[in-house]
Protein chains: 2
Amino acid sequence: MAQIHTNQTLSVNLPEVLVLGPPSIFRIYEKHLSQKFMLLKPWESPIPLEEFLSIHAQNTTAVLTSSVVAYLSSALRLLPSVRLVVTSSVGLDHIDLKECRRRGISVAYAPSVFSADVANLAVGLWVDVLRKISAANCFLKTGLWPVKGDYPLATKLGGKRVGIIGLGRIGREVAKRLEAFGSKISYQSREKKPSVSYPFYTDVCELASNSDVLIICCALNDQTYHLINREVLQALGRQGVIINAARGAIIDEKALVQFLQEGKIAGAGLDVFEHEPNVPEELLELDNVVFSPHSAVFTEESCKDLYDLVVGNLKAFFSNKPLLSPVQFDDFMR
Amino acid sequence: MAQIHTNQTLSVNLPEVLVLGPPSIFRIYEKHLSQKFMLLKPWESPIPLEEFLSIHAQNTTAVLTSSVVAYLSSALRLLPSVRLVVTSSVGLDHIDLKECRRRGISVAYAPSVFSADVANLAVGLWVDVLRKISAANCFLKTGLWPVKGDYPLATKLGGKRVGIIGLGRIGREVAKRLEAFGSKISYQSREKKPSVSYPFYTDVCELASNSDVLIICCALNDQTYHLINREVLQALGRQGVIINAARGAIIDEKALVQFLQEGKIAGAGLDVFEHEPNVPEELLELDNVVFSPHSAVFTEESCKDLYDLVVGNLKAFFSNKPLLSPVQFDDFMR
């Protein structure tokens with residue numbers, strides 16, 4: 001009790017932040033954050049969430065959250081005083097932006113902290129799938145090399161036609177790296193980008209027909225939900241490989257499993273899944289897939305950058321200064 | 001017998017090539033090669049190797065081999081008529097070049113077919129070790145994600161100081177890719193390369209002291225045997241990572257195992273080992289190492305290119321034309 005009392009005394013003058021999550025930076029920076037803000041953490045309370053929120057409803061002006069929080073919209077409905085939502089994610093699919101704008105709630109996010117990290121993991125998965133690195137690692141670790149000898153031939157990276165879906169910050173970083181590997185790049189996007197000369201497709205199927213590899217770099221929204229369906233996978237074809245370090249639900253996962261099982265596409269590198277952390281058993285069993293636990297953004301260095309950005313946004317809000325990385329609603333609501 | 005007779009009849013007019021190996025391209029192209037040349041394959045004969053060689057000693061003018069053949073020098077001593085050795089490798093450490101020159105034996109090799117492939121695997125191993133891709137793949141495949149939740153943070157790739165040992169064909173390809181990832185590149189080489197502006201070190205220890213990652217891209221020879229010793233690993237330090245897709249014996253493997261076990265360096269990505277295909281059990285047990293079975297060059301596309309090069313060199317020899325990819329002895333014997 002004494003300990004709790006001391007903590008409360010210490011943080012009494014700190015601005016209050018309701019945390020819905022916890023976001024990933026809590027793994028390292030929870031203590032640092034709690035020295036700067038009075039953090040309200042419903043998951044540590046014995047009180048049911050709805051009741052917890054109603055107790056703090058009038059005082060809560062700032063919410064800190066992350067992309068794993070599916071109940072954010074319903075929580076916000078119980079919090080009439082909220083004026084700021086800070087999300088530690090690049091993606092905004094968990095936030096009802098229309099409602100936030102209607103209520104005058106500002107949203108801050110992490111648009112560029114992770115771009116290079118996500119691009120690096122996407123490219124890493126691409127190299128891994130084509131060059132069979134994870135599978136080779138297992139081959140050695142299970143002692144098979146001296147027994148079986150020859151390891152199956154891999155696929156050359158150079159000269160492959162890579163179709164990038166979504167040429168935003170992350171897509172452009174992916175393209176930069178792929179150029180160094182000698183890939184032939186084309187892309188699909190809402191609009192043609194005047195700054196690049198890569199072949200542009202409006203139709204994903206057409207991009208898939210003209211690609212050996214598809215790398216998904218777009219946001220998840222109504223237009224991109226299950227964008228990669230049977231038709232696209234069919235167009236990608238038997239030699240095709242798909243890489244996803246964006247959002248799981250951009251791919252129709254059931255269709256993907258079937259196409260992989262039946263050899264109708266050649267392989268996949270997946271950092272994201274439709275129902276994380278659950279991955280279908282029949283997907284995990286496949287040898288032509290490299291898996292990663294939605295960890296594209298999880299590097300030590302970027303966690304520090306993200307912590308700085310989150311703190312900067314919250315401090316700006318509480319001192320009535322402009323946010324460091326506000327969502328420009330118009331960019332996301334066309 | 002009839003079948004054998006037919007084959008012999010068919011190949012009677014084909015030029016004879018003694019195969020010491022077999023080289024890796026036999027996995028796919030043995031049949032194609034045997035339609036162009038009369039292949040002598042001692043490993044298929046019940047006769048002991050020495051006797052086999054003595055039977056063919058007078059007629060054998062051309063030898064086809066690969067880097068896995070450790071007995072090449074002693075075999076060549078039994079073959080006085082040899083005028084050409086074609087090796088399907090980039091490396092020449094298995095060939096006594098001095099002796100070949102003395103005897104007037106030309107050597108053809110595969111200097112550039114694989115440069116991009118080797119660079120790609122080296123870079124792939126680098127991404128894998130820092131971003132923990134192979135380990136993450138195991139994490140998911142063994143069902144740990146829903147159970148354990150958070151996966152350990154990885155290390156950011158951008159901004160890392162990467163020291164390239166040997167800035168030849170492969171080293172330059174590695175550098176090109178690393179630039180796209182935002183690495184700070186420096187290198188060690190026999191001589192400063194006037195064409196590049198990267199910081200240059202003559203001393204490997206000094207390069208290691210100024211690097212977060214070392215990538216070995218040099219040939220194995222008397223000067224580079226155990227080039228990476230305790231002193232270099234010490235200089236690389238606790239956060240350091242080493243990548244080797246060149247030759248196993250460039251690293252003192254015992255020292256490497258000890259440094260990895262004791263956390264005196266952070267990790268390694270290894271395609272090559274001192275006593276392949278045998279890898280020390282205590283090395284295979286380490287979680288901070290990504291393993292690959294000397295497969296940097298094994299892509300389907302490059303095997304085809306290599307096959308074309310081997311056939312081209314042999315055809316050139318038998319028709320008294322210049323070899324496509326002769327070893328210039330002076331380049332390797334300074």
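The lining of the largest cavity in this predicted model is made up of three nonpolar residues, one polar residue and four charged residues. The residues concerned are S73(B), L76(B), R77(B), D96(B), E99(B), C100(B), R103(B) and I105(B). Two elements of chain B, helix 4 (72-77) and helix 5 (97-103), give two or more residues each to this lining. The volume enclosed is about 60 Å³.

**Internal cavities**

How many cavities of 30 Å³ or more are counted? The count comes to six. The second largest cavity is lined by residues of chain A, namely S73(A), L76(A), R77(A), D96(A), E99(A), C100(A) and R103(A). Helix 4 (72-77) and helix 5 (97-103) of chain A each contribute at least two residues to that lining. Its residues fall into two nonpolar, one polar and four charged. The two cavities are set side by side below.

| Cavity | Volume | Lining by class |
|---|---|---|
| Largest cavity | about 60 Å³ | three nonpolar, one polar, four charged |
| Second largest cavity | about 50 Å³ | two nonpolar, one polar, four charged |

**The interface of chain A and chain B**

The size of an interface is often expressed as the accessible area that is lost when the parts come together. Between chain A and chain B, the buried area is about 4900 Å², and carbon and sulfur atoms give 61% of this area. Which residues of chain A lose the most area to chain B? They are R131(A), W145(A) and L153(A), which together account for 15% of what that side buries. In terms of contacts, 60 residues of chain A meet 60 residues of chain B.

Charged and polar pairs also cross this interface. Six salt bridges are found between chain A and chain B. A salt bridge joins D117(A) to K156(B), with the closest N and O atoms 3.6 Å apart. In addition, 27 residue pairs are in polar contact between the two chains, with both residues of each pair at pLDDT 80 or more.

Several elements give two or more residues to the side of chain A that touches chain B. Among them are helix 2 (26-34), helix 6 (115-131), helix 7 (133-141), helix 9 (169-180), strand 12 (289-291) and helix 14 (300-318) of chain A. Helix 6 of chain A provides the largest share, nine residues. By class, the residues on this side of chain A comprise 33 nonpolar, twelve polar and 15 charged.

**Salt bridges over all chains**

Over all chains, the count of salt bridges comes to 25. One salt bridge is formed by the side chains of R177(A) and E173(A), at 2.8 Å from N to O. Where do R177(A) and E173(A) lie? Both belong to helix 9 of chain A, and they are four residues apart, about one turn of the helix. Helix 9 (169-180) is also one of the elements that give two or more residues to the side of chain A that touches chain B.

**Backbone geometry**

Most residues other than glycine have a negative phi, and most peptide bonds are trans. Some positions in the model depart from these patterns. In chain A, E276(A) and P277(A) are joined by a cis peptide bond, with omega about 0°. P277(A) is located in the loop between strand 11 (267-270) and helix 13 (281-284) of chain A. In chain B, a cis peptide bond links G21(B) and P22(B), again with omega about 0°. P22(B) occupies the loop between strand 1 (16-20) and helix 2 (26-34) of chain B.

K132(A), although not a glycine, has a positive phi of about 55°. In which loop does K132(A) lie? K132(A) is part of the loop between helix 6 and helix 7 of chain A. Both of these helices, helix 6 (115-131) and helix 7 (133-141), give two or more residues to the side of chain A that touches chain B.

Key
Residues numbered from 1 in each chain as written. Chains lettered and ligands numbered in written order. Predicted model: local features only at pLDDT ≥ 70, side-chain atom pairs only at ≥ 80, totals over all residues. Heavy atoms only, no water. 1 Å grid on protein atoms, 1.4 Å probe; cavity = no way out; pocket = protein on both sides within 12 Å on 5 of 7 lines; lining within 4 Å. Points joined across faces, edges and corners; volume = space filled by probe spheres on them. Nonpolar A, V, L, I, M, F, W, Y, C, P; charged D, E, K, R; others polar. Contact = heavy atoms within 4.5 Å. Buried area = accessible area lost by both parts, 1.4 Å probe. Salt bridge = Lys/Arg side-chain N within 4 Å of Asp/Glu carboxyl O. Polar contact = N/O pair within 3.5 Å; in protein donor to acceptor, adjacent residues only side chain to side chain.
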